[in-house]
Amino acid sequence: ALVNMYGKGGYLEAAKSVFEKIYFRDLASWNAIIAAYGQNGHGKESLHLFWQMQYDGFKPDNITAVSILSSCTDSTFLTECKAIHASIIACQLESDVVVENALVNVYGKCGSSVDARGVFEKMHHRNVISWNAMISAYCQNGHGKEALELFFQMQQEGMNTDSITSIAILSACASVVALSEGKMMHASIVASGLEQDTLE
């Protein structure tokens, strides 16, 4: 609890000090210190702890997976993301929708919309977060046309959209100069009552 508290407060040295004094560490304490470094922009250190934890005999759970993936914030982490993904599969965590969503999201941030789509296509259960993550992955990497196509597929499958979907799709429309689709999207936002959320 102390490691988690110090980590959330940005006191990394204090979190590290408490962690190092824990004689019998459990998975919760490892998760807390990994999250502490990741939340404070120290992705490399978080990754080191992730591998050290496994070396010490602890198997990652879904909390570990989501936490370490959120530490990978740009294209310099792509190789590490793939290694983490392999670890997730080895630990049989790939069927957890929260973990899958995190994978789609991180591959998008790391510049690989192909890998993001690979995860997305293998998902057995998708929610609005899954669709938003994949649409955003396309938008982040300059694939506005693909983002729009996925949005239309999302609608065809009866999935409800939210303000995050709306913002991503408006960005996609702008990137491909799709004015007519943008107007249609605006009308859809107004009809669904999401206009204020989108403007904010």
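Tutor: Let's start with a term: helices are DSSP runs of H or I at least four residues long, and strands are runs of E at least two long, numbered from the N terminus. Keep in mind that this is a predicted model.

Student: Thanks! How many helices and how many strands does the protein chain have?

Tutor: Follow the chain along its sequence and you read the pattern α-α-α-α-α-α-α-α-α-α-α-α-α. Counting the elements by type, the protein chain has zero strands, and its helices number 13.

Student: What share of the residues in the protein chain is buried?

Tutor: A residue counts as buried when its relative accessible area is under 20%. The protein chain has 200 residues, and the buried share of them is 41%.

Student: Is Ser46 buried or exposed?

Tutor: Let's place Ser46 before we judge it: this residue lies in helix 4, which spans residues 43–55. Leaving out residues up to four places away in sequence, Ser46 touches Ile34, Tyr37, Gly38, Ile68 and Ser71. Its relative accessibility is 0%, so Ser46 counts as buried.

Student: Which residues does Ile84 touch, not counting those up to four places away in sequence?

Tutor: Good one to pick, as Ile84 is among the residues that touch the most other members of the largest nonpolar core, a set of 49 residues. Contact here means heavy atoms within 4.5 Å. With sequence neighbours up to four places away set aside, the partners of Ile84 are Leu47, Phe50, Trp51, Ile68, Leu69 and Cys72.

Student: Why does Cys81 not form a bond with the closest cysteine sulfur?

Tutor: A disulfide needs two cysteine sulfur atoms within 2.5 Å. The closest cysteine sulfur to that of Cys81 belongs to Cys110, and the gap is too far for a bond, at 3.5 Å.

Student: How many disulfides does the structure hold, then?

Tutor: We have just seen that the sulfur of Cys81 is too far from that of Cys110 for a bond. For the whole structure, the number of disulfides is zero.

Student: Is Leu170 buried, partly exposed or exposed?

Tutor: You can find Leu170 in helix 11, residues 163–175. Partly exposed is the class between under 20% and over 50% relative accessible area. Leu170 has 31% relative accessibility, so its class is partly exposed.

Student: What distance separates the C-alpha atoms of Leu170 and Cys139?

Tutor: Along the chain, Leu170 and Cys139 are 31 residues apart. In space, their C-alpha atoms are separated by 9.8 Å.

Note on methods. Residues numbered from 1 in each chain as written. Predicted model: local features only at pLDDT ≥ 70, side-chain atom pairs only at ≥ 80, totals over all residues. Heavy atoms only, no water. Buried < 20%, exposed > 50% of the residue type's maximum accessible area, 1.4 Å probe, protein only. Core = buried A, V, L, I, M, F, W, Y, C linked by side-chain atoms within 4.5 Å.
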